[in-house]
Amino acid sequence: MRTAEPLHLRLLRLLRDHGTVSRAELADRLEIPRPRLLAELERLVGLGYVAEAGMAASRGGRRSTLVELNPNLRFAAVDLGASSVDVEVTNGRLEPVAAYAEAADIRSGPKVILHRVNELLAKAKVDGAYEKLDAVGIGVPGPVSFRDGVPVSPPIMPGWDRFPVRELLTREHGCPAVVDNDVNIMAVGERHGGVAHSVDDFLFVKIGTGIGCGIYLTGDVYRGTDGCAGDIGHIQVDSHGPMCSCGNVGCLEALFSGAALAKDATLAARNGTSPALADRLAANGVVTARDVAEAASEGDVTCIRLIRDGGGGWVACWPAWSASPIPR
């Protein structure tokens with residue numbers, strides 16, 4: 001059973017999702033007594049999270065005061081991929097204020113990568129995106145101890161195991177920080193503003209340089225006891241398969257990630273089995289998973305086969321994954 005959320009979270013979420021709302025309407029929507037709401041609003045105004053925004057239209061009596069999230073709220077969102085860094089600053093309603101993206105190798109280690117993250121956030125400050133940050137959220141491509149704010153034995157992140165990511169960001173920016181697996185964060189985003197907005201139980205699968213899965217159960221992210229609940233990319237599906245970046249053999253990720261698909265596509269381009277991929281290789285010097293998808297949609301038989309053969313890995317993966325200790 002889902003635990004009831006504290007009032008301040010319900011109130012802030014409502015303002016985030018619906019914008020400016022009158023005090024009277026807030027009391028109606030949250031189904032709480034007006035005095036309790038006013039006390040909580042006063043507390044949140046004092047903390048700088050909520051601001052008054054004029055008077056509402058009359059509902060037949062005394063006009064109610066409008067309230068909104070403080071327009072000066074600023075959050076930093078950081079997405080670390082296997083080969084990229086994306087940094088965005090948003091306002092309280094999660095609307096982008098500034099964004100930066102660049103290539104990076106997660107294997108460079110936490111000191112190098114997080115130093116670059118801090119440089120990008122410093123640039124955002126110089127560019128006028130914020131005066132101070134109210135919170136930082138960061139997603140990493142590997143298992144995370146959400147409680148401790150550290151990566152835990154991430155297969156493709158050498159040097160990151162137990163590195164104090166949350167502590168470093170909190171100290172650097174003087175605000176709370178949250179660290180989670182990147183696919184969990186994608187699932188949270190899908191629940192907030194995507195097609196799963198009203199769905200309490202769903203799986204969000206990401207296929208990129210790696211493969212991962214965010215799991216939502218009864219309205220909350222399910223991470224498992226060790227943060228690995230959705231780490232399906234490193235389930236072995238072929239004991240005689242190719243070597244995976246994690247050091248094991250035949251992982252789903254080694255067979256059907258974006259990187260694996262690009263590797264097979266490059267071979268097909270070079271040996272002439274796919275004229276469409278050969279043309280793309282000649283034009284661009286590289287072949288990507290996107291090229292495979294585009295050529296498949298154009299009817300390229302080799303690309304269709306690459307996708308179908310790789311997709312078979314999901315069938316092999318499913319029994320092992322569904323046997324994992326997820327509560328029913």
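Me: In this structure, is Arg280 buried or exposed?
Reply: The model is a predicted one, so take the numbers as computed from it. The cut-off for buried is under 20% relative accessible area. Arg280 has a relative accessible area of 15%, and that makes Arg280 buried.

Me: Which residue forms a salt bridge with Arg280, with the closest N and O atoms 3.3 Å apart?
Reply: Arg280 sits in helix H9 (residues 275-284). Its partner is in the loop between helix H10 (289-297) and helix H11 (301-322), 18 residues apart from Arg280 in the chain. That partner is exposed, with a relative accessible area of 56%. The residue is Glu298.

Me: And which residues are joined into one network with Arg280 by salt bridges that share partners?
Reply: Glu298 is one of them, as its salt bridge with Arg280 suggests. The network of shared partners holds Arg280 together with Asp291, Glu294 and Glu298.

Me: How many salt bridges does a search of the whole structure find?
Reply: Side chains of opposite charge can pair when their charged atoms come close. Arg223 and Asp180 are one such pair, at 2.8 Å between the closest N and O atoms. Over the whole structure, the search comes to 19 salt bridges.

Me: Where does Asp180 lie, and where is Arg223?
Reply: The two link distant parts of the chain, 43 residues apart. Asp180 counts as buried, at 4% relative accessibility. Arg223 is in the loop between strand S13 (220-221) and helix H7 (252-256), while Asp180 is in strand S10 (residues 177-181).

Me: How many residues apart in sequence are the parts that Asp148 and Arg162 tie together?
Reply: Their side chains meet in a salt bridge at 3.4 Å, N to O. Asp148 is partly exposed at 29%, and Arg162 is partly exposed too, at 47%. Asp148 lies in the loop between strand S8 (144-145) and strand S9 (150-151), and Arg162 in the loop between S9 and helix H5 (165-173), so the parts tied together are 14 residues apart.

Me: What about the domains: how many salt bridges are there between domain 1 and domain 2?
Reply: Domain 1 spans 7-69 and domain 2 spans 75-193. Between them they bury about 420 Å², 54% of it on carbon and sulfur atoms. The interface has 4 residue pairs in polar contact, but the salt bridge count is 0.

Me: Which three residues supply 74% of the area that domain 1 buries against domain 2?
Reply: Domain 1 and domain 2 bury about 420 Å² between them. On the domain 1 side, the three that supply more than any other three residues are Arg16, Asp17 and Leu69.

Methods:
Residues numbered from 1 in each chain as written. Predicted model: local features only at pLDDT ≥ 70, side-chain atom pairs only at ≥ 80, totals over all residues. Heavy atoms only, no water. Domains from an automatic or database assignment. Buried area = accessible area lost by both parts, 1.4 Å probe. Salt bridge = Lys/Arg side-chain N within 4 Å of Asp/Glu carboxyl O. Polar contact = N/O pair within 3.5 Å; in protein donor to acceptor, adjacent residues only side chain to side chain. Helix = DSSP H or I, 4+ residues; strand = E, 2+ residues; numbered from the N terminus. Buried < 20%, exposed > 50% of the residue type's maximum accessible area, 1.4 Å probe, protein only.
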